[in-house]
Amino acid sequence: MTDETAVLSPSAVGPERPAAEGGGRNRPGQVWRSRRYRWDLRWSPYAFVAPFFLFFAAFGLFPLLYTGWAALHQVELTDPDSMTWVGLRNFTRLWDDEFFWNALRNTVTIGLLSTVPQLAIALGLAHLLNYRLRGSTFFRVAVLTPYATSVAAATLVFVLLFGRDYGMVNWALSAVGFDAVDWQNGTFAPQFAVSTIVVWRWTGYNALIYLAAMQAVPAELYESAALDGASRFQQFLHVTVPSLRPTIFFTCVVSTIGATQLFGEPLLFNGAAGATGGSDHQFQTLGLYLYEQGWVNLHLGRASAIAWAMFLILLLIAGAARLLRGRKGSS
């Protein structure tokens with residue numbers, strides 16, 4: 001065997017190959033890359049969701065806890081660092097506060113006047129938009145336009161529409177033989193007027209939610225109903241509405257929460273009244289009453305108690321809705 005053959009023979013090269021490839025051992029760079037990959041696979045999901053929890057803790061959880069702590073003290077806006085412990089006195093005062101119960105009644109009334117027509121109209125609009133129409137994209141954008149409008153701008157326009165002397169609504173009523181209505185100083189009239197603002201702003205938003213849910217309903221259900229001789233209205237009642245029951249439940253809960261927190265519309269509807277909600281507090285909501293106590297009367301402790309009372313009311317509404325849904329699901 002020549003020297004060249006001995007150099008190129010497999011037996012000569014074989015024992016040295018594992019050493020050239022690392023000898024079965026990982027290099028330091030490979031170990032570091034493998035370890036970094038495992039860390040990335042394990043901790044990256046937490047890093048992606050961490051900003052949400054940080055912002056929630058800073059702007060959600062901390063204000064909630066601090067408001068609860070302030071509700072147990074007597075504290076004024078002029079000196080927020082000076083707190084005097086009063087326990088549950090701010091909450092017990094609400095029980096005998098006629099203005100609090102008046103604001104709660106007004107909130108419930110305005111909520112019913114705005115939520116029920118709003119969702120009914122939204123369901124009808126979604127049913128119309130669900131059919132193939134020319135320019136359907138234009139109509140879908142058009143129904144969402146009020147939602148994108150500023151609360152202040154929309155309210156000021158409705159103030160002009162509901163003007164007592166020169167408003168278009170009273171002009172239309174007088175044209176058909178009715179007397180003019182004082183929309184800002186009555187009892188039921190201003191609540192109805194504020195409700196129309198809410199209906200106008202949120203109907204299109206809910207209509208698009210219903211439309212998205214309708215497009216997920218299987219077409220076979222409509223075909224089977226059509227073969228059975230059902231009209232479009234009957235298909236809507238017996239196919240569309242039952243299929244949209246979870247979505248309707250969701251919009252009812254969300255609209256109820258929004259009605260409980262109503263603030264901008266009643267505040268701007270009668271600018272002269274401000275946070276009082278009319279000369280006789282006839283359309284003062286819980287949100288307005290909270291604002292009046294905290295930023296007009298400067299009682300931050302009482303305002304904090306009202307905020308927590310609203311929070312507890314929302315928890316009761318959510319719990320009742322969950323219980324009702326659970327009973328319907330079991331039946």
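Let me begin with two helices, H6, which covers residues 98-129, and H10, whose axes lie 6 Å apart and which pack at an angle of about 35°. Please keep in mind, as we go through this, that the model we are looking at is a predicted one. The crossing that H6 makes as it passes H10 is right-handed, and if we sort the residues of this contact by class, we count 19 nonpolar and nine polar residues, with no charged ones.

Let us stay with each of these two helices for a moment and pick out one residue from each. In helix H6 we find Thr107, and with a relative accessible area of 6% this threonine is buried, because the cut-off for buried is under 20%. Which residues does Thr107 contact, once we leave aside its neighbours within four places in sequence? They are Ala259, Thr260, Thr285 and Leu286.

In helix H10 the residue I would like you to find is Ala193, which has a relative accessibility of 0% and therefore counts as buried. If we again set aside the neighbours within four places in sequence, Ala193 is in contact with Phe162, Trp183 and Phe269. Ala193 and Leu113 are 80 residues apart along the chain, and yet the distance between their C-alpha atoms is 9.6 Å.

Now please turn to helix H8, residues 151-161, where Ala154, Thr155, Phe158 and Val159 are buried. Why can we say that these residues line one face of the helix? When we look down the axis of H8, the buried residues fall within an arc of 140°, and so they line one face. What they pack against is helix H10, which runs from 188 to 214, together with helix H14, residues 264-269. At the N-terminal end of H8 there is a cap, and the residue that provides this cap is Ser150, with a side-chain oxygen 3.3 Å from the backbone nitrogen of Ala152.

Within H8, let us look more carefully at Ala154, which is buried, with a relative accessible area of 3%. Not counting residues up to four places away in sequence, Ala154 touches Thr149, Trp200 and Arg201. The C-alpha atom of Ala154 is also separated by 9.6 Å from that of Val198, a residue 44 places away along the chain.

From the side of H14, we can look at Glu265, which belongs to that helix. Is Glu265 buried or exposed? Its relative accessible area is 5%, so this glutamate is buried. Beyond its neighbours within four places in sequence, Glu265 is in contact with Val151, Thr155, Val194, Ile197, Val198 and Arg201.

Helix H12, residues 232-243, can be read in a similar way, and its buried residues are Gln235, Phe236, Val239 and Thr240. Seen down the axis of H12, these buried residues fall within an arc of 120°, so they line one face of the helix. On the other side of H12, by contrast, Phe233 and His238 are exposed. What covers the buried residues of H12 includes H6, H10 and helix H11, residues 219-227.

Let us move on to the backbone and to two loop residues. Most residues other than glycine have a negative phi. His281, however, has a positive phi, near 55°, and this histidine sits in the loop between H14 and helix H15, which covers residues 286-296. With a relative accessibility of 15%, His281 counts as buried. Leu298 has a positive phi as well, near 65°, and its place is in the loop between H15 and helix H16, residues 300-330. This leucine is partly exposed, with a relative accessible area of 29%.

I would like to finish in H16, where Ala303 is found. Ala303 is buried, with a relative accessible area of 5%, and, not counting residues up to four places away in sequence, Ala303 touches Leu290, Gln293 and Gly294. How far apart are the C-alpha atoms of Ala303 and Ala320, which are 17 residues apart along the chain? Their separation is 26 Å.

Key: Residues numbered from 1 in each chain as written. Predicted model: local features only at pLDDT ≥ 70, side-chain atom pairs only at ≥ 80, totals over all residues. Heavy atoms only, no water. Buried < 20%, exposed > 50% of the residue type's maximum accessible area, 1.4 Å probe, protein only. Helix = DSSP H or I, 4+ residues; strand = E, 2+ residues; numbered from the N terminus. Arc of directions from axis to C-beta. Contact = heavy atoms within 4.5 Å. Polar contact = N/O pair within 3.5 Å; in protein donor to acceptor, adjacent residues only side chain to side chain. Axes fitted to C-alpha atoms, helices over the stretch in contact; angles between N-to-C directions. Left-handed = near helix turned anticlockwise from the far one by under 90°. Nonpolar A, V, L, I, M, F, W, Y, C, P; charged D, E, K, R; others polar.
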